Each structure stands twice: as structure tokens, then as C-alpha cells.
Amino acid sequence: MKAVELTGKRSLKLTERERPSIQDDEILLKVHAVGVCGSDLRIFQNGDDRVDYPRITGHEIAGEIVEIGPEVYRFQIGDRVTLGAHMPCGTCHFCQANEGHHCVKGWSIGYQVDGGFAEYVVLPSLFIRNGSVQRIAATTSYKLACLSEPFSCVLSGLQELEVHAGETVVVYGAGAIGCMYIAALKRMGAAKIIAVQRSKDRQKKALEIGADIVIDPNRENTVDSVMAETEGLGAHAVIVTAPSPAVQNEALILARTTGRVLYFAGIKSVTDMPINTNPIIYKQLKIVGTHGAPRHLHMEAVKWIDQSLLDFSFFVTHTFPLEETEKAFETALSKEGLKSVVVPTQKK
Ligand SMILES: [Zn+2]
Ligand SMILES: [Zn+2]
């Protein structure tokens, strides 16, 4: 099979590998779509202590089951499925508490085991048992189904942030994740959605998918503009999807008294950033962070996609054949469009 290996920092190699064989308790999936995630880009650029080379990355996967070991009962050959990313161990404290996305092992598809930038991917037994493998509707395309993983993370953020109808919400960053937040907030009845975004192209995208106002920090003062839009009170909730240290303190200023702030984008390279806790204390803010998503929210995300509760096709702006995976990475890195998806079954 064709596969794209990450062989070192910034080094992707298209290779020919044996089609993988499976154990009795495994599944072989033919990959039909795999999204390029911000975390794939981070691994590509900086490496990751959970990733050894060579590794096939990619965890936003949708595909068709083509082989099943005799000990797997839940699925059939031909099933069309989409996957979550986590591979919970099933036995640690968090797994026992039904929070496999916080598993102490931190195993994920595309990290410790090979992922989706290939024609086929093996689903390990642990993943089938404890991860999330969800069938998709016959009407759902693979290209949209692979959004189930990132969208489950968006749903997890919204749940932790406890957004209510009628609220004003600021969203930093209008990339794929930011736009998913904007679209979902609109659907949930947010009264005013304010996007903060520098790139003109993404400003347009934010407005198209439901933002009421876009602030361009290159041309205006974000704090002043948000205060002007909120009668000087600030926003009920602020979501930070932009991986920028500079906005992490600003987000605390934008939140009104008793407001909430969600930090969604990690900045792994920055570990000593000072946070001013005064706004948290004196405005009695609630601060949450989210990473990944529990299985039930991955199931929920699949429902949203199957039922077209949002226009999910809006988020996939680029598709590439497997041979052009590197181009897909470069496109995502250049912040062109929103989500880049690799479709291994699409010929060059
Ligand atoms: Zn992802
Ligand atoms: Zn665990």
C-alpha cells in the first residue's frame, strides 16, 4: 500500500509498504478521508515525545472496514465508519471513570501507532474496545465524516464552557476549529458572536458561517471593540482557538464579571507564560481548558454530521490525493482556507 511516513522533523516520505495484516482482534480499515489536524502540523514541525520515526500520522479518519479478525463481533465488512483519536487503556483511573480521553497512557491513533495518511490503517484491539469507532449514515460522505474528531473536541469545549442561548461570545481565531465554534454557537442561539481574526480570507469565512462581527486586531483595539459591542461589560464567554500567547491574557480582559474563558489551543513550545490572575479573582471568572473529547461526544459529533445540523461542507476547503499529503500540510500551515483533507482513494 501507499503510505506517507513522517521520518523526522519536517520530513514526509511517500513510501510503498506491505498492506498490513491484522490479528484476530483487529480491524483493517481502508482510509477514504483523513483530515490534517493542527496537532499533525505540530508533530511535523516540532516532533512529539509520543511519536517515534518513522510514523504514519493522522487521526481524523473515515473509511470502510475491509477485513475483520474473527474475535471482533461489533462490525461487518463494508461498514462505513469514522474514528475518534484516543486509544484509552481501559484500566487506569480515568478510563475506569469513563473519561478515556484523559487516560494516563495518552495513546492515540497517529501517535504511538500508525494513523491515516495511508491507504489502509489497522485498528488495534484496545482502540476497538475503548476508543470510538462509529458507523456513519449512508448519506454522509467520508470527506465530511472525518470532521467527527475535530468537531467532537469543539462539542467538548462548548460543554465545559456552558454556553447559553442569548449570550455574547468572542471567538479568537477563525480557522477550521474557530469556524466550527462559530457555526455551533449560532445554532445554539448565541445572540452575538464576535470573531477576532487577522487574515482577510478567514474574516470572510467567519462572517459567512455565522459571526455577527469580525474584529481585525491589525486595525483596531480588540478590547475597545468588544467593550463597545457589549455596553462596556465584556463578553459572557471567550473561546481561544488561536495558538497565540499574546491573546491568552487579553481573553481574561474581554470576559465580563462572572464570565467564562475557554483555552482550546495549546502552545506546547511556550511553558513559562505569565498569566495575570487579577481578572480571574476580581471578576470571578471561570476558566476552563479542554483537550480531546470523550467517546459520547464523538458519537454526538457523528450525529451532527449525519443530520447536517451545520453545513459541514463549509469547513473542508481543500482535498488532496495521498501523493500530495505534503502539499496538504503546507496548505494548512500557510493558513490557506480551513480544513485540508487527504483522500487516499482519489487518484492524482
Ligand atoms: Zn485532530
Ligand atoms: Zn487509561
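Which feature does UniProt place at residues 8-342? A few notes on that and the rest of the fold follow.

1. The UniProt record puts "domain: Enoyl reductase (ER)" at residues 8-342, from an unreviewed entry. UniProt positions follow the numbering used here, feature names are shortened, and annotations may be inferred rather than shown by experiment. Keep in mind that this is a predicted model, where local features need pLDDT of at least 70, side-chain atom pairs count only at pLDDT 80 or more, and totals for chains, interfaces and linings use all residues. Residues are numbered from 1 along each chain as its sequence is written, while chains are lettered from A and ligands numbered from 1 in the order in which they are written.

2. Residues 8-342 are 31% helix and 23% strand, and the end C-alpha atoms of the span lie 20 Å apart. Helices (H or I, at least four residues) and strands (E, at least two) are DSSP runs numbered from the N terminus.

3. The protein splits into domain 1 (2-147 + 315-342) and domain 2 (152-289), with bounds from an automatic or database domain assignment. Their centres, taken over C-alpha atoms, are 29 Å apart.

4. Where the domains meet, 7 residues of domain 1 are in contact with 9 residues of domain 2 (contact: C-beta atoms, placed from the backbone, within 7 Å). The domain 1 side has 2 nonpolar, 2 polar and 3 charged residues. Here Ala, Val, Leu, Ile, Met, Phe, Trp, Tyr, Cys and Pro count as nonpolar, Asp, Glu, Lys and Arg as charged, and the others, Gly among them, as polar.

5. Now the sheet: 6 strands pair in parallel to make an open sheet, in the order 10-9-8-11-12-13. Pairing takes at least two DSSP bridges between two strands. Strand 10 (213-215) and strand 13 (286-289) are the edges, each pairing on one side only. Neighbouring strands are turned by 20° against each other on average, direction ignored.

6. Within that sheet, strand 11 (residues 235-240) and strand 12 (residues 255-263) pair over 5 bridges in the parallel sense. Ala237 has Arg260 in strand 12 as its bridge partner. Helix 6 (residues 176-187) packs on the sheet, touching strand 8 (168-172), strand 9 (192-196) and strand 11. Helix 8 (residues 222-229) also packs on the sheet, touching strand 8, strand 9, strand 10 and strand 11. The direction of helix 6 makes about 170° with that of strand 9, and for helix 8 the angle with strand 9 is also about 170°. Axes are lines fitted to C-alpha atoms, for helices over the stretch in contact, with angles from 0 to 180 degrees between N-to-C directions.

7. Finally, Ala138 sits in the loop between strand 7 (133-135) and helix 4 (142-145). Ala138 counts as exposed because it has 7 C-beta neighbours inside 10 Å (exposed is 12 or fewer, buried 20 or more, partly exposed in between, with C-beta atoms placed from the backbone).

How values were computed:
Two residues are in contact if their C-beta atoms, placed from the backbone, lie within 7 Å.
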